[in-house]
Number of protein chains: 2
Amino acid sequence: MTQRFVDTLSASLEDYLEVILWAVAANGAARVRDIANRLHVQASSVTAALQVLAQRQLVHYKPYEAVTLTAEGFEEAARVIQRHHVLREFFTEVLGVDVEAAEEGACRLEHEISGDIARRLAGFMEYAKAMPQSDRAALSKSIERSMGGSAEADSPVGRSTVADMKPGRQAVIVRIGSHGELARRLADMGLGRGALVEVEAVAPLGDPIRIRIRGYRLALRKAEARSIAVIEK
Amino acid sequence: MTQRFVDTLSASLEDYLEVILWAVAANGAARVRDIANRLHVQASSVTAALQVLAQRQLVHYKPYEAVTLTAEGFEEAARVIQRHHVLREFFTEVLGVDVEAAEEGACRLEHEISGDIARRLAGFMEYAKAMPQSDRAALSKSIERSMGGSAEADSPVGRSTVADMKPGRQAVIVRIGSHGELARRLADMGLGRGALVEVEAVAPLGDPIRIRIRGYRLALRKAEARSIAVIEK
DNA sequence: GCATATAGTTAGACACAACTAACTGCTTAT
DNA sequence: ATAAGCAGTTAGTTGTGTCTAACTATATGC
């Protein structure tokens, strides 16, 4: 990564700002050791990070003295923490993720999610919190059901099929479920796992579906389409 | 980053696998130049990545020959693409993000989101797609409204307040909205931007709220709590 | 008030993933 | 059939962020 936008913070530097903010809020100032412990890095790594942050005017830092945030550093940290918060709330309140995994997930995603999407997610959370209890129950049941479907911890691939695709979308075949005539037809064309499928048109009720695959054009009945597991682009 | 889990792929390597999968699906094999163009990197970076991926048995690679995925590489790529897909759908269908930003966001988050959360998100999407039209309209209206609230592209901080906090939660003060008696009371205690607030208890209807702040304990009426803007931990 | 413990810094190394520049191999057009 | 052009590779450099080891400052206890 040679080209750098000087005003962009790396995930790592955002993490430092975040823990500095909390340390300052709790104790008035942040110490190197506290930061190192929270982030599970060596003290020397903290020193290095502080030098960069100071040079970018995000922290007040002099060797051997306690660290505080500049106004700009506070803003920056606050932005990160907000993204963290909205993600964690979404994970726990909507998706039913347990507290630990939600925290862990928020810590990772907070550095990548854009301000726009984070703000929309916050808007969504307002809506979600106002949802009637019955809807929330239906939602969490829907999620739990879909979790049960593929219990294997790291399910290789999902279960969407050609029948789920919208016109114009592309996907790759993962598995042909049926062993009927269709499987043979496709096998004859040399089409199996890894082949690209593009949906051209879907008739009103999803039957038939016209697809393009390796130059061939064919029409599938819905039942057939459902037997072709894909991953969508 | 010295300690490495050998079976963990970096974001960068996941990107390579992803574009290799699409290239193979479309053309039967991936060429270095195509990969380089898609990822906006130099060809030499692709060669380096391919050597690593080959060593990890994720691609079939011999110098100067076209690249394909191993079975394991396909699985790995498929997992990434699925996470990508569910994120993009969520952004466009639920949050109303435009296609470009959704794609961009999915590209960034796909490398960080856990399999568990991605699967739950997929479950949520099933629920969301089945939502009645009226609910979807209400949802998108809710999101647009909250977007309008702080139109500044990169709004410094959010608008949640002490009144939104649940017992046990901590937050940092961002701004004291009112200039009334409370502002003076808090200022006298040396409490302003950056101070840590912890909610101890909330009375039935959210009034009053007992908080702890720099050792002080105080009770706020709901209106007062609403005038203290915070960012929640 | 000095010895010692702990906190913090500096120096040097390494992993990763990009880059440029120079070189090699393959293909194709005359 | 060979030269030109392009694709691909190798070698060497850079930036970021971590590490260990050795050193320096500050604080604490007697």
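1. Start with the symmetry of this predicted model. Chain B superposes on chain A after a rotation of 180° with 0.0 Å of shift along the axis, at an RMSD of 0.1 Å; the fit is by least squares on C-alpha atoms of residues with pLDDT of at least 70 in both copies. The two copies are thus related as by a two-fold rotation axis. In chain B, Leu109(B) has the C-alpha nearest that axis, 3.2 Å away.

2. Now the interface. Here 50 residues of chain B are in contact with 49 residues of chain A (contact: C-beta atoms, placed from the backbone, within 7 Å). The copies meet through the same surface, because 98% of the interface residues of chain B are also interface residues in chain A. Helix 6 of chain B brings the largest share of its side, 11 residues. By type, that side of chain B splits into 29 nonpolar, 11 polar and 10 charged residues (Ala, Val, Leu, Ile, Met, Phe, Trp, Tyr, Cys and Pro are nonpolar; Asp, Glu, Lys and Arg charged; the others, Gly among them, polar).

3. Next, the sheet in chain A. Six strands make an open, antiparallel sheet in the order 3-8-4-5-6-7; its edges are strand 3 (160-161) and strand 7 (216-220), each pairing on one side only. Pairing here takes at least two DSSP bridges, and helices (H or I, at least four residues) and strands (E, at least two) are DSSP runs numbered from the N terminus. Five bridges join strand 6 (residues 209-213) to strand 7 of chain A, and Arg212(A) stands opposite Arg217(A).

4. The other chain reaches this sheet too: helix 4 (residues 71-94) of chain B lies across strand 4 (170-176) and strand 8 (228-232) of chain A, at about 70° to strand 8. Axes are lines fitted to C-alpha atoms, for helices over the stretch in contact, with angles from 0 to 180 degrees between N-to-C directions.

5. On the DNA side, 23 residues surround DNA strand D, the closest being Ser10(A), Ser44(A), Val32(B), Arg33(B) and Ser44(B) (near: C-beta, placed from the backbone, within 6 Å). Helix 3 of chain A gives the most, five residues. The split is 11 nonpolar, nine polar and three charged.

6. On confidence (pLDDT, the predictor's own, from 0 to 100): chain A averages 89, with 93% of its residues at 70 or more. Residues 1-5 of chain A fall below 50, with zero contacts beyond near neighbours in sequence.

7. Bookkeeping: residues are numbered from 1 along each chain as its sequence is written, and chains are lettered from A and ligands numbered from 1 in the order written. In this predicted model, local features need pLDDT of at least 70 and side-chain atom pairs 80 or more, while totals for chains, interfaces and linings use all residues.

How values were computed
Contact = placed C-beta atoms within 7 Å.
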